[in-house]
Amino acid sequence: MKNIRPITDESRPKVYIETYGCQMNVNDSEVILSILQDHGYALTEDISRADVILANTCSIRDNAEQRIWGRIDQFRLQKERRKDVIIGIVGCMAERLKDKLLDSHIVDLVAGPDSYRSLPDMIAAVTPDSPQMNVLLSREETYADITPVRMDRNGVSAYISIMRGCNNVCSYCIVPYTRGVERSRDPRTIVKEAVDLYSNGYKEVNLLGQNVDSYLWKDSESADRDVNFAQLLEMVAKISPDLRVRFSTSHPKDISDEVIYTMAMYDNICRHIHLPVQSGSNAMLEKMRRKYTREWYLERVRKIRSVMPDCGLTTDIIAGFCGETEQDHRDTLSLMEEAAFDAAFMFQYSERPGTLAARNYPDDVPPEVKTARLNEIIALQGRLSRQSNEKDVGKRFKVLVEGVSKKNSGELFGRASNNKVCVFPSGGHETGDYVEVEVVSCTSATLIARLV
Ligand code: SAH
Ligand code: SF4
Ligand code: F3S
C-alpha cells in the first residue's frame, strides 16, 4: 500500500506548504505533497528550513487575495535570508492572476490547479532569471491515480475529491474561471482511496466537489453502467458500516430525491447537507444565476426534513449582492427563519473581476449597508443555531472522536452525524473511537454532552 503520511527524512530537500480557501484546496495540497514526495521531497512545518515554499491560494473574495499578498510580502524576508529558496504560488489565485504574480519579483513559480504534475520539473527549472509558470486548465485532469499524502493531524477524517471544476456560471463566482470545466473522477479510484483510508485507520471520508449532485461517471461501453452521485454514495457507504461518509457541496437545483433516499438508507451516511442558498429573494437568485427560486429551495428543505427529520442543514449566504434592496434582504432573513438552518457561512458580496456580475451589474450596495445587513444575518443565524442546539439537549448521539478539547485536556470533541460538534468527558476513550453521548447543555456553536 502507498505511504499516505508525510515523510520527514532530514536528508531530503524540504517543502513547506500553506493552504488557503476551501476543503478542495486542502485536498489539493495533499495531492501536491504526494507528487513532490515521489520526487524526493520531504515535508517541513518550519518555513525557515524549507527549500521550497508553496502557498496554495484562494480567489473567492477580495479579502482572501489580500491576505495572500500580505503573505507574499512576508516571504520576501525568507528570500532575503536565503537566496536559493523557491517561492511558489499555486491554486486559484495563480490561475486568476498568472504572470501578474511574477511582477512582485518574489515569486519564482506560478502553478494553476490542473498543473500539479508538472511541479517537480518546474521547481527544477527555476533560476533567479527564469521563473516558471503553468496555468493550463485541463478537461480531463482529476489526479485520480495519485494517493494524497494526508496532512491532517488526527488520522480520523479525510477528504476525497470526486470531481474538479464547475459548469455553473453563478454570476458572482470566480471558481469556474480558476478551476475550469467540471469533470468527474472514475468511481473505482474513489472507492479504492476510501478503502485504503479505512485500512489505514480512518473512520470518515468527506467526498468533495463544487456541485456533487452533478457528479456523473460515463461508462465507456454502456450507459447502464454510468454512475451518478447517489450511486457513488452507496458504493462508498458499503465499504464498512464503521466508515462514515460525508459530502459537500450540494446544489439546490440538482440535489435529487435519489440522493436523499440513499442517505436515509445507510446509517453511516451522515445526516448533514450543506445546501448554499445565497439569497432568499427571487430577484437576487435570478441575477445570481442560481437557477432555482426561493420556493424550490424551501421545497427541497421540506423534502429533506420529511425523509430525515434529524438531518443537519447548513448554508452559505451572500449579503449585499448587486442591486439588493432592503426587501430582498428581508426575504433572506425570512427564508433563514423558515429553513431554520443549523449553521451558516455568511459573506459580504465581493466583486470578482471578469465574472458575469462584474461585467453586467454595478456593485452598488454601499459598504456600510453591506456590513449592516451581514451583521443582521449573522445575529439571526446565532439565534437559529442556539435554538437548533437547544432542541438537541436531552438527545443521544453517536459521536466520532476527533481529538482532545482545546479548552480542557480531560475532555474530547467530535461530531454527531448531523455535523454538530460535541464536547464530553474523555472517560478513557480515544481519537477515532465511536462513543454514545447524551447532550446536557449547549452554546450556539457546541453541544455539551456526557457519556452514556
Ligand atoms: N460550489 C459551492 C460554493 C463554492 S464558493 C456552491 O455553489 O454552493 C463558497 C461560497 O462562497 C459560496 O457559496 C458563496 O456563498 C461564497 N461566494 C462565492 N463568490 C463570492 C463573492 N464574489 N462574494 C462573496 N461571497 C462569495
Ligand atoms: Fe461558484 Fe456557482 Fe460553481 Fe458554486 S456552483 S462553484 S457558486 S459557479
Ligand atoms: Fe476553493 Fe477559493 Fe478556489 S474557495 S475553489 S480555493 S477560489
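Ligand 3 sits between domain 1 (14–134) and domain 2 (157–390), because both domains give residues to the shell around it. Keep in mind as you look that this is a predicted model.

Who are the neighbours? Around ligand 3 you will find Cys22, Asn25, Thr57, Cys58, Ser59, Ile60, Cys92, Val175, Arg179 and Gln210. Ligand 2 has its own surroundings: Cys166, Asn168, Cys170, Tyr172, Cys173, Val175, Pro176, Gln210, His251 and Arg290. Val175 and Gln210 are worth picking out on screen, since they belong to the shell of ligand 3 and also to that of ligand 2.

Moving on to open space, the second largest pocket holds about 610 Å³. Its lining takes residues from both domain 2 (157–390) and domain 3 (396–451), so this pocket lies between those two domains. There are 26 lining residues, and Asp310, Cys311, Gly312, Phe397 and Asn418 are the ones nearest the pocket centre. Two elements, α13 (367–392) and β17 (396–404), each supply at least two residues of this lining. The largest share, 5 residues, is the contribution of α13.

Here is how the three sets of residues divide by class.

| Site | Nonpolar | Polar | Charged |
|---|---|---|---|
| Shell around ligand 2 | 6 residues | 3 residues | 1 residue |
| Shell around ligand 3 | 5 residues | 4 residues | 1 residue |
| Lining of the second largest pocket | 9 residues | 6 residues | 11 residues |

For anyone setting up a view of these sites, the pocket lining has 11 charged residues, while the shell around ligand 2 has 1 and the shell around ligand 3 also has 1.

Conventions
Residues numbered from 1 in each chain as written. Chains lettered and ligands numbered in written order. Predicted model: local features only at pLDDT ≥ 70, side-chain atom pairs only at ≥ 80, totals over all residues. Heavy atoms only, no water. Near = heavy atom within 4 Å. Nonpolar A, V, L, I, M, F, W, Y, C, P; charged D, E, K, R; others polar. Domains from an automatic or database assignment. 1 Å grid on protein atoms, 1.4 Å probe; cavity = no way out; pocket = protein on both sides within 12 Å on 5 of 7 lines; lining within 4 Å. Points joined across faces, edges and corners; volume = space filled by probe spheres on them. Helix = DSSP H or I, 4+ residues; strand = E, 2+ residues; numbered from the N terminus.
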